Amino acid sequence: MQTDIILEADLTPSQVAELAQLAEGYGIRGVWTQNYASGRDPFLCLMPAAAATKKIMLGAVVISPYEMHPLKIANAVSTLNEYANGRGVPVVVAVEQDPRGDAWDITLAYAKALGALRAGAILTDAEGRSQ
């Protein structure tokens, strides 16, 4: 079984790097930073971890296409992936509200363009039930 860890959004980039090094040493597959309005930028917090580690996967969760344009999400993931030598993980994206009715389709299109759908996509409601 492979294990990933999700870190709190209040950690500094140097703390994220230190925890990523420890996780890598214990064989953890990936480290994810959280995205909160009151927290640090989850992608920038991973940059020192990318420099300090060699194998561990790095990614950010949960990024809303209403908070950050999907093109900017793609740019951030691409930059992280480049900086981490291919270890940047596609982002888990949330669609909280969909007033026009097209947010899921748009999100899937961007995820497909990123190559993030190789493992599939799961649509759930706010309680985590699959639809």
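Here's a quick tour of this chain, from its overall layout down to a handful of individual residues. Keep in mind that the model is predicted. The chain has 131 residues, with 34% of them buried, and holds 4 helices and 3 strands. A cavity of about 40 Å³ is a handy place to start, since Thr33 and Gln34 both sit in its lining.

**The big picture**

- Reading from the N terminus, the elements go β-α-β-α-β-α-α.
- If you take contacts between residues at least 6 apart in sequence, 69% of them link residues at least 24 apart.
- The chain's accessible surface is about 8200 Å², and carbon and sulfur atoms account for 54% of that.

**The cavity**

- Counting cavities of 30 Å³ or more, you get 1.
- The lining of this largest cavity is made up of Glu8, Ala9, Leu11, Val16, Thr33, Gln34, Arg40, Pro42 and Cys45.
- Two elements each give two or more residues to that lining: strand E2 (30-34) and helix H2 (42-52).
- Sorted by class, the lining residues are 5 nonpolar, 2 polar and 2 charged.

**Thr33 and Gln34 in strand E2**

- Thr33 belongs to strand E2, and its relative accessibility is 3%, so it counts as buried.
- The Thr33 side chain gets to the backbone oxygen of Pro42, at 2.8 Å.
- Setting aside neighbours within four places in sequence, Thr33 touches Leu7, Val16, Pro42, Cys45, Leu46, Gly59, Ala60 and Val61.
- Gln34 is in strand E2 too, and it counts as buried because its relative accessible area is 15%, with the cut-off for buried being under 20%.
- The side chain of Gln34 has a couple of polar partners to look at: the backbone oxygen of Leu7 at 3.3 Å, and the side chain of Tyr36 at 2.6 Å.
- With neighbours within four places in sequence left out, the contacts of Gln34 are Ile6, Leu7, Glu8, Ala9, Pro42 and Val61.
- Pro42 turns up again here, being in contact with Thr33 and also with Gln34.

**Helix H2 and what it packs on**

- The buried residues of H2 are Pro42, Phe43, Cys45, Leu46, Met47, Ala49 and Ala50.
- Those buried residues pack against helix H1 (13-25), E2, E3 and H3.
- Pro42 and Cys45 are on the buried list and also help line the cavity.
- Where H2 starts, a side-chain oxygen of Asp41 comes to within 2.9 Å of the backbone nitrogen of Phe43.

**Met68 and Ala76, around helix H3**

- Met68 is in the loop that runs between strand E3 (57-61) and helix H3 (70-83).
- Is Met68 buried, partly exposed or exposed? Its relative accessibility is 23%, so it counts as partly exposed.
- Ignoring neighbours within four places in sequence, Met68 has contacts with Phe43, Ile63, Ile73 and Ala76.
- Ala76 is part of helix H3, and a relative accessibility of 14% means that it counts as buried.
- Beyond four places in sequence, Ala76 is in contact with Phe43 and Met68.
- Phe43, one of the buried residues of H2, is thus a contact of Met68 and of Ala76.
- Ala76 and Ala60 are 16 residues apart in sequence, and their C-alpha atoms are 9.8 Å apart in space.

**The loop between H3 and H4**

- Asn85 is in the loop linking H3 and helix H4 (103-114).
- What is the phi of Asn85? It's near 55°, a positive value in a residue that isn't glycine.
- For background, most residues other than glycine have a negative phi.
- Asn85 has 71% relative accessibility, so it counts as exposed; the cut-off is over 50%.
- Asp102 is in the loop between H3 and H4 as well.
- Asp102 counts as partly exposed because its relative accessible area is 25%.
- The side chain of Asp102 pairs with the side chain of Arg100 through a polar contact of 3.1 Å.

Key
Residues are numbered from 1 along each chain as its sequence is written. This is a predicted model: local features need pLDDT of at least 70, side-chain atom pairs count only at pLDDT 80 or more; totals for chains, interfaces and linings use all residues. Side-chain values use heavy atoms; hydrogens and water are left out. On a 1 Å grid over the protein atoms alone, a cavity is a set of points where a 1.4 Å probe fits but cannot get out, and a pocket is an open set with protein on both sides within 12 Å along at least five of seven lines; lining residues have an atom within 4 Å of a point. Grid points are joined across faces, edges and corners, and a volume is the space filled by probe spheres set on the points. Ala, Val, Leu, Ile, Met, Phe, Trp, Tyr, Cys and Pro count as nonpolar, Asp, Glu, Lys and Arg as charged, and the others, Gly among them, as polar. Buried means under 20% relative accessible area, exposed over 50%, partly exposed in between (1.4 Å probe, protein chains only). Contact means heavy atoms within 4.5 Å. Accessible areas come from the Shrake-Rupley method with a 1.4 Å probe; for residues, only the protein chains shown count as cover. A polar contact is a pair of N or O atoms within 3.5 Å; within protein, one must be able to donate a hydrogen and the other to accept it, and residues adjacent in sequence count only if both atoms are side-chain atoms.
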